[in-house]
Amino acid sequence: MSARVNLTLNINERDYAVSVEPRHTLADVIRDQCGLTGTHLGCEHGVCGSCTILLDGEPVRACLIFAVQCDGQEIRTVEGLSEGNELHPLQASFRDNHALQCGYCTPGFLMLAAGILERNPSISDEDLRDVLSSNICRCTGYANIVKAVRAAVAEMGRR
Amino acid sequence: MPEGKVLGKPVTRLEDQPLVTGRGRYVGDINFPHQLHMRIARSVHAHAEIRSIDTSRARALPGVFAVWTSDDIPEVGPVDFRADRASEVLKPYRQPVLARGRVRYVGDPVVAIFAEDAYVAEDAAELVDIDYSPLRIIVSADEDPGEFEPGRTTEAAFLTHTFGDVDGAFAKAHKVIELDLHTGRHSGVPLETRGAIGRYDAATDILELHGAAKVLHRNRDTLVNMLGCNPDQLHVHESHVGGGFGIRGELYPEDVLVLVAAKRLGRPVKWIEDRYEHLMCANQGREQHHLARVAVDKDGRILAMEDKIFHDQGGYVRTHGYNVANRTMCMLTGLYDVPAFRAVTHYRLTNKTPCATYRAPGRFESTFVRERLVDAVAAELGLDPVEIRRRNLIRPEQMPYKLEFDEANVENLEFDSGDYPLLFKKALDMFGWNTLQEELKRRRAAGEMIGAGMGLFLEEGGRGPSDGARIAVDSRGGVEVVTGGASLGQGFETAMAQICAEALGVDYRKIRVIHGQTDRIPYGIGAHATRATVLTGGAVHVTALAVRAKALDMASELLQLPVDSLEIVDGTVRQRSNPRGPTITLGDIAKRLAPGSKVLGGRQPGLWAEEFFNPKDTVFPYGVHLAVVKVDPGTGGVTVERFMVAYDVGRAVNPAMVEGQLVGGCLQGLGGALYEEFIYDDQGQPLAATLADYLLPTLGEAPDIEVLITEDAPSPLNPLGIKSAGEGGINGVGAAIAGAIGDAIGRPGAIRRMPVTPQRLRDILRADGR
């Protein structure tokens, strides 16, 4: 196969020196080379959003981007949300509002919501629903996901 | 009585901490040193003879370790039915692990590639050359059966379910109403695709399957028959599972391949399905054509129902045999008192993805048919849809209600308990059905195309025969509950911990629940057909009570107090009338019960117990779905304005989790009613093989679903009265939506096919000149 490229991925404020083929997706490299398996693959064609991560603060589908495109950029994954044992308000809120069942889509929703709320903490209900409709959950029917994100917004405002 | 007080509370889940922090362990997250990656080269034809296979180019690719066709594994038979579904007549229709001579659907596994890297394995699969000679392609169960193989047609079975004097009832009927109905092909489509890892440890002679789900022990039993090893040589392990819905965790060809390969190649073999494969290869379901009719008297009372069903099974018969067709027939009369019934099923193979159980198998379909018939009767006789249902519901005084079929090989049903009219009334009241009718009238008068519909349904769960549990308290008071259950994300660990905590008197958060590990417990029922909470929950309850009895017996001796004066609170035994008096913790009791302890006496060492729960029969939860929809006459688009599910679960172990099951099920049902469909062209090519084509509902399509959970009819068949909650959310959705759309467009019987896509609805409106 094509020659490997050496690059450094900065994930959750830590540098990972990796050697990748140009065709390796960011999601595969994060999972297989960096060992951060919280980023899940649901469709590998950009529809489901399970692999959503933050790239320089923007939610992106890690299955639709190649690792070689991300040299030097700031990547955040679900593993970087909590601080030590203290859950991020979104994580605690998902638990407290029963916003997950199988949990497979959860990291993608958490990163999507984190990216949006960091950019716009006072997002309207309508806009929030619009943004959250870009990811798919097959278990919950979404009601508790919306509720959890809303509750986390309130909690983040208090902090 | 136990003092825990955690049963029935909406406590947070034990499962969530690893899942929200990205530390879950799904099968894709598991890796073993030196593992190989498997990729399957699949048929691109729906039905063809395989003339030749050339794997030389694939073998030559650097990084490829082995390439197998069916010739490389002559000793491996087809994927077998589960032990409890054996049927001689269906055996010739089972799926080989790799296609032998013929392919029968697009996606049929033909060649297995094993390589050092998943990308390389995929490259190699594209280098496999297969020469096909096309055969007649059957894409519908309505077509005349073809040849499956010489001497065997594609109609694998003809099944019947009958009771009562059907012909007599139709002869004397006031009206006979006939409908031609179709349920579309859809499936569970969990967000995690399938995956499996085989690993062989030559040092212990143990073969391991990782990534299994749902029915671990039963799959192990099937596999040991197929592979010719003993159960103690095959350990089946469940990890986190990204959704099940009936289709995940069944035994598939790839599960067998990774095991055979791991042993023969001497390296762990990992296979992770991609989404394209999933939508062509994992079990699908629902696709049936019904020619249904009903005989009624002048008051709309049902005298008889009759149904002729064409069941589209796809390319092979998978692990369930003809279970879905049978469940369709036996649940067709549902919660109505029907004196006579006859259903026949033409169970036919087609050249599409094989089918099996998808959440509420046979029930989603039969509820659609039954409720369409009832709506049609109401329209024909000019009766209110609520009133006609009231007249036909089984009454509480008829419980337990028996359905006894004429056929010797058909299982009779006995509905254990229920007050169907009461739940119907509660649901209508909560929904505000009567005032809603006024509102709908006003809005229709103002030009809106809006309507309401309903689906009343019966579910079935808690089928035995038996399940066991082992509960042990360690010397520090830690409680381990070992079950043969399984978790597909439904909150199994939390529910079992709540049941154990309630009976034993400990904090549910201090309980570790083991599931899905065949090396930890010899038997297990798994998590399927709405069984887990009833069966495994029942086992955990009786086992926890046995541990409690042993703890109190020892405590009574140590504290010198009578057993019946003691209680257990937060893991500490104390006197009920004197909570500040002498106490002893369960951990200390466990220490006193250690082997060799001076106070052990004649007792069996250890604070643990192992018990089984054997329910005598199945439980039948029941429910009501109500919907309000608005139709856009220009596009044929449907907006679900309101949706409600009312469900009597007997007893809710965790109401938040029950509600989660119901809401999630409802939206999944809305997918099947309005958006999701596996479409094939006339050559059997799948046209919905990506998530851009197979449309799962997003938040944009999700209404706020209203939920009413009742506990009016606890089951008399298990100690906690549980009837379970997994499948009621989806069961009547198609029926309610179809009724609501018919009401909205002013043609009560118009919706005959699901999903009701905009194109189909536009066709109906256009035929009306609208």
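**Exercise 1. The two domains of chain A**

How far apart do the C-alpha centres of domain 1 of chain A and domain 2 of chain A lie?

*Solution.* This is a predicted model, in which local features need pLDDT of at least 70, side-chain atom pairs count only at pLDDT 80 or more, and totals for chains, interfaces and linings use all residues. Residues are numbered from 1 along each chain as its sequence is written, while chains are lettered from A and ligands numbered from 1 in the order in which they are written.

Step 1: take the bounds, which come from an automatic or database domain assignment; for chain A they give domain 1 (5–80) and domain 2 (89–158). Step 2: the C-alpha centres of domain 1 of chain A and domain 2 of chain A are 21 Å apart. Step 3: the contact between them involves 15 residues of domain 1 of chain A and 14 residues of domain 2 of chain A, where two residues are in contact if their C-beta atoms, placed from the backbone, lie within 7 Å. Step 4: on the side of domain 1 of chain A that touches domain 2 of chain A, the elements giving two or more residues are strand 3 (52–55) and strand 4 (58–61) of chain A, and strand 3 of chain A gives the most, with three residues. Helices (H or I, at least four residues) and strands (E, at least two) are DSSP runs, numbered from the N terminus.

**Exercise 2. The contact between the chains**

Work out which helix of chain B gives the most to the side that touches chain A, and describe that side by residue class.

*Solution.* Step 1: the contact takes 43 residues from chain B and 41 residues from chain A. Step 2: at least two residues each are supplied to the side of chain B by helix 1 (16–20) and helix 16 (655–675) of chain B, and helix 16 of chain B gives the most, with eight residues. Step 3: this side of chain B divides into 19 nonpolar, 17 polar and seven charged residues, where Ala, Val, Leu, Ile, Met, Phe, Trp, Tyr, Cys and Pro count as nonpolar, Asp, Glu, Lys and Arg as charged, and the others, Gly among them, as polar.

**Exercise 3. A sheet and its helices**

Find the order of the four strands in the open sheet of chain B, and the helices that touch these strands.

*Solution.* Step 1: the order is 23-22-21-27 in chain B, with mixed pairing; two strands pair if DSSP finds at least two bridges between them. Step 2: strand 23 (511–514) and strand 27 (608–613) of chain B are the edge strands, each pairing on one side only. Step 3: strand 22 (residues 479–483) and strand 23 of chain B pair in the parallel sense over four bridges, and B:V482 stands opposite B:I514 in strand 23 of chain B. Step 4: helix 13 (residues 492–504) of chain B packs on the sheet, where it touches strand 21 (467–473), strand 22 and strand 23 of chain B, and its direction makes about 130° with that of strand 23 of chain B. Helix 14 (residues 532–559) of chain B lies across strand 21, strand 22 and strand 27 of chain B, at about 145° to strand 27 of chain B. For these angles, axes are lines fitted to C-alpha atoms, for helices over the stretch in contact, and angles run from 0 to 180 degrees between N-to-C directions.

**Exercise 4. Unusual backbone values**

Most residues other than glycine have a negative phi, and most peptide bonds are trans. Is B:Q560 buried or exposed, and is B:S724 buried or exposed?

*Solution.* Step 1: a residue is buried if 20 or more other C-beta atoms, placed from the backbone, lie within 10 Å of its own, exposed if 12 or fewer, and partly exposed in between. Step 2: B:Q560, whose phi is positive and near 55°, lies in the loop between helix 14 and strand 24 (566–569) of chain B, and it counts as exposed because it has 8 C-beta neighbours inside 10 Å. Step 3: B:S724 has a positive phi of about 85°, but B:S724 counts as buried because it has 30 C-beta neighbours inside 10 Å. Step 4: turning to peptide bonds, a cis bond joins B:M399 and B:P400, with omega about -10°, and the bond from B:M754 to B:P755 is cis, with omega near -5°.
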